[in-house]
Amino acid sequence: MLHILHAADLHLDAPFAGLSADQARVRRSEQRLLLDGLADAAIERGAELVVLSGDLLDSHQTYRETAQALADALGRIPAPVVIAPGNHDFYSPTSLYAAPIWPKNVLIFRDPRPQMVELPNVTLYGAAFTGPARDDSPLASFRVQAGDKPTVMVCHGDVDGTGRYGSIPRPDIAASGLTYLALGHIHGCSGLQREGDTYWAYPGCPEGRGFDELGDKGALWVTIGDDRTVTAGFLPLCRRRYEILECDLTGRDPGQAVSSALAQGSSEDICRLILTGEAQALDLPALSRAAGHLRWALTLRDHTRVPRDLWSREGEDSLTGFFLREMRRRIDGAGEEERATLERAVRYGLSALENGEDTP
Ligand SMILES: [Mn+2]
């Protein structure tokens, strides 16, 4: 049995779009806490090998102290740690991977062609990005050498890809003869896959960075049995999850509806709450303030429609009637995005008119 912790795509020091500058700073420092979580998981579970499949650093602008924090965390792990640089953190002689900060148990692949390293219980291969793109498959014409031990390859690449990020056709995986192919690049966890006799997986990124990276994030705990069968379990590591929720306000008090929508889930998470259904004009800043303690960061999106009875005065021979007929005409000809804006304008317009400025 061989126990491997497989992680990728940490994207340390990434900018966090959609958060305030202060919150983005907090998120960047929390990403460094993630490193301790990763090391602790490897230590507590007794990983015999840790494989990190690239894009650990978001760019070559990564702070040196961030790379140092990564090096320090990996140095605490009493097992070999191997890194295969990806397109964001490709290996070059001037990269942080060439800096003299890496502990002895950390091995960093530097060559785009697969290199072999013999460890006591596994034959390991790895390939590196050495530029921001590569047009070949990291597994092109690759075949493991005959041996008794299980074989693992760690690399960054794009299974079924057609772009410039090391596209890997599935037949390359099937022909490799590998026991396990530890991949990075795709940010959602793929779960364990199989092509021929070779198992492969993407663990996904261990910490979401935006609303396109929702839910639990983490690493894979991979076990290779003596009969070369591979199993993999998901290991949550993220500090905060991104979530998108919807809340129908029809016939409800908006404040109560929003707090009950947020009652489930964690106040540590980052939430976008989409308000739907029929509602009067909403005071979004006030709703946000009232519910702010329920999430670490909360954004409200108003997708509500004007209540039907608001249109009841459409037939009147008055300014209100004229206003409603004109707005109806515009809404009927509008696209979805513009319609939401126009519906809001109807509510604001009506409340202005109904404050005594247009009595029929
Ligand atoms: Mn990548």
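Strands here are DSSP runs of E at least two residues long, numbered from the N terminus. The model on display is predicted, and the tour opens in one of its strands.

**Stop 1: strand β15**

Select L245, which lies in strand β15. Is this residue buried, exposed or partly exposed? With 16 other C-beta atoms within 10 Å, L245 is partly exposed, because a residue is called buried only when 20 or more such atoms are present and exposed when there are 12 or fewer. Setting aside neighbours within four places in sequence, display the contacts of L245, which are A261, C271 and L273. For a longer view, add G333: its C-alpha atom is separated from that of L245 by 29 Å, and the two residues are 88 apart along the chain.

**Stop 2: helix α4 and its two faces**

Next select residues 254-261, which form helix α4. Colour P254, A257, V258 and A261, the buried residues of this helix. Looking down the axis of α4, one finds these buried residues within an arc of 95 degrees, so they line one face of the helix. What do they pack against? The partners are β15 (242-248), β16 (270-276) and α5 (284-291).

Now turn to the face of α4 directed away from the buried side, where the exposed residues Q256 and S260 are found. Q256 counts as exposed because it has 11 C-beta neighbours inside 10 Å. A distance drawn from Q256 to A291, C-alpha to C-alpha, reads 9.4 Å, although these positions lie 35 residues apart in chain numbering terms.

**Stop 3: α4 against α5**

Keep α4 in view and add α5. The axes of these two helices come within 10 Å and cross at roughly 45 degrees. That angle makes α4 oblique to α5. The crossing of the pair is right-handed. To see the contact itself, select P254, G255, V258 and S259 on the α4 side, which meet L287, A290 and A291 on the α5 side. By class, this contact comprises five nonpolar residues, two polar residues and no charged ones.

**Stop 4: α1 against α2**

Move to a second helix pair by selecting residues 21-45, helix α1, together with residues 64-75, helix α2. At what angle do they pack? The angle is about 15 degrees, and the axes are 9 Å apart. This makes α1 roughly parallel to α2. Their crossing is right-handed. In the contact, R32, L35, D36, L38 and A39 of α1 meet T66, A69, L70, A73 and L74 of α2. By class, seven of the contact residues are nonpolar, one is polar and two are charged.

**Stop 5: two residues with positive phi**

Most residues other than glycine have a negative phi. Select D55, in the loop between β2 (49-52) and α2. D55 is not a glycine, yet its phi is positive, at about 55 degrees. Is D55 buried or exposed? It counts as buried because 27 C-beta neighbours lie inside 10 Å.

Then select H185, which is found in the loop between β10 (180-184) and β11 (193-195). The phi of H185 is near 130 degrees, again a positive value in a residue other than glycine. H185 has 23 C-beta neighbours inside 10 Å and therefore counts as buried.

**Stop 6: two further loops**

Go to L214, in the loop between β12 (198-201) and β13 (218-224). L214 is partly exposed, with 15 other C-beta atoms within 10 Å. Beyond its neighbours within four places in sequence, L214 is in contact with G208, Y242, E243 and I244. Adding R64 gives a C-alpha to C-alpha distance of 29 Å from L214, for two residues that are 150 apart in sequence.

Finish at D309, in the loop between β17 (297-302) and α6 (319-332). D309 counts as exposed because it has 8 C-beta neighbours inside 10 Å. As a last distance, join D309 to D216: they are 93 residues apart in sequence, and their C-alpha atoms lie 42 Å apart in space.

Notes
Residues are numbered from 1 along each chain as its sequence is written. This is a predicted model: local features need pLDDT of at least 70, side-chain atom pairs count only at pLDDT 80 or more; totals for chains, interfaces and linings use all residues. Helices (H or I, at least four residues) and strands (E, at least two) are DSSP runs, numbered from the N terminus. The arc is that of the directions from the helix axis to the C-beta atoms. Two residues are in contact if their C-beta atoms, placed from the backbone, lie within 7 Å. Axes are lines fitted to C-alpha atoms, for helices over the stretch in contact, and angles run from 0 to 180 degrees between N-to-C directions. Angles under 35 degrees count as roughly parallel, over 145 as roughly antiparallel, 65 to 115 as roughly perpendicular and the rest as oblique. A crossing is left-handed if the near helix is turned anticlockwise from the far one by less than a right angle, and right-handed if clockwise. Ala, Val, Leu, Ile, Met, Phe, Trp, Tyr, Cys and Pro count as nonpolar, Asp, Glu, Lys and Arg as charged, and the others, Gly among them, as polar.
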